[in-house]
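Reader: Please walk me through the sheet, one helix and the cores of this model. Keep it brisk.

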Amino acid sequence: MNIHEYQAKTLLKDYGAPVADGRVADTPQEAAAIARELGGQTFVGKAQIHAGGRGKGGGIKLVKTLQELHAEADRMLGKPLITPQTGPKGRTVRRVYVVKDTTIARELYLSLLVDRGSGRVAFVASTEGGVDIEAVANTPEKIATLTVDPASGLSAFHARIIASALKLEGPLAKQCEKLVTSLYRLFVEKDASLIEINPLVVTKEGNLLCLDAKIAFDDNALFRHKDIAALRDLGEEDPAEVEASQLGLSYVKLDGSIGCMVNGAGLAMATMDIIKLHGAEPANFLDVGGGASKERVTEAFKIILSDPHVKGVLVNIFGGIMRCDTIAEGIIAAAREMRITVPLVVRLEGTNVELGKKMLRESGLSIIPADDLDDAAKKVVAAVKAAA
């Protein structure tokens, strides 16, 4: 689960990390009023959406008067902001974060994430922070990575190594050590999956400041953190993905034309890959889980077919815990209820597979059976092309 920058800054402040004064506004008038209360000469208006690259899309603006801030907030609010991470449609801006401007001497990069290879929390640090951080990947010698053993936890030497990697000395090194401790504690205590400070700046006054922040959390741990779950902004998520999560389905909308309903994440990835291999694009990732009921399968179909770009559906189920006859029941119920008009290809294997196939054959519906995954992908791609 992602949260907005202003929410991330509040969490950082609660854990003792240095952030600039700022507040979030819903209207241009409120933005100007916040700036007036903050005081100072210059301010930054920052569009709040769940996507990076806001500065490149015009979503971060430095202003020198309240009138300029009002105008910029009015330009952003209620309008789509297109960045390299939003796609061509962009994301609608519903809030603007107003902060005091900061005098910057250096821009750095610091993040924490889960290193799947080692099973540890990893710090990633670079002296090359800022809007073009992606380009630093081309110069790996400028990136330092340090993992923390969960058994022993964070130690002072970890913080000193990171300070050294960022070329921070004296008082700045001490500030860095305190920041590293705060970020690690936040990451572990709140079950985060990512904390990214970009840029982490050295101000001209000689202080460290988290100028921008992105935090994501492990969805599977949200039941332990009601305060974090309350920060979820459903307006930033695809409505179909929200509905799927409420039904216990793992669904991610994609840009293709072939809807996929599969049980098991690995099988779902393989299904999407083989669709691409045969010259088409998947419209979604959808994992109904290992123990889905007929009702859940029916709801999964509804979600897939709610996407107007879907021109065909491929069902690929391996019946283990989930029986093939249960899947067949759900498919038949959904096809009849929704009057499916796009090609529907079904590949079943596993428990009660013959019974499931028999039910599909005798349903009287236009369901195309497939023998294996490759056969299923070929048939759905061919059927969609023929229908077009």
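Author: What follows is a short set of questions and answers on this model. The model is predicted: local features need pLDDT of at least 70, side-chain atom pairs count only at pLDDT 80 or more, and totals for chains, interfaces and linings use all residues. Residues are numbered from 1 along each chain as its sequence is written, and side-chain values use heavy atoms, with hydrogens and water left out.

Reader: What is the strand order of the open sheet of four strands?

Author: Helices (H or I, at least four residues) and strands (E, at least two) are DSSP runs, numbered from the N terminus. Two strands pair if DSSP finds at least two bridges between them. E2 (residues 43–47) has four bridges to E3 (residues 60–63) and five to E6 (residues 96–100). With antiparallel pairing, the order is E1-E6-E2-E3.

Reader: Which are the edge strands?

Author: An edge strand here pairs on one side only. The edges are E1 (22–25) and E3.

Reader: Which residue is the bridge partner of Lys46 in E6?

Author: E2 and E6 run antiparallel. Ala47 stands opposite Val96 in E6. For Lys46, the partner in E6 is Tyr97.

Reader: Which residues of E2 point the other way from Phe43, Gly45 and Ala47?

Author: In a regular strand the side chains alternate between the two faces of the sheet. Five of the five residues in E2 are buried (under 20% relative accessible area, 1.4 Å probe, protein chains only). Phe43, Gly45 and Ala47 point one way; the other way point Val44 and Lys46.

Reader: How far does H5 reach from its first C-alpha to its last?

Author: H5 spans residues 170–189, which is 20 residues. The expected span is 1.5 Å times one less than the number of residues. That expectation is 28 Å, and the model comes close to it, at 29 Å.

Reader: Which element gives the most to the largest nonpolar core?

Author: A nonpolar core is a set of buried Ala, Val, Leu, Ile, Met, Phe, Trp, Tyr and Cys residues joined through side-chain atoms within 4.5 Å. The largest has 42 residues, and Leu110 is among those with the most contacts inside it. The top contributor, with nine residues, is H5.

Reader: How many residues are in the second, separate core?

Author: This core includes Val313, Ala334, Val346 and Leu360. Its size is 30 residues.

Conventions:
Buried means under 20% relative accessible area, exposed over 50%, partly exposed in between (1.4 Å probe, protein chains only).
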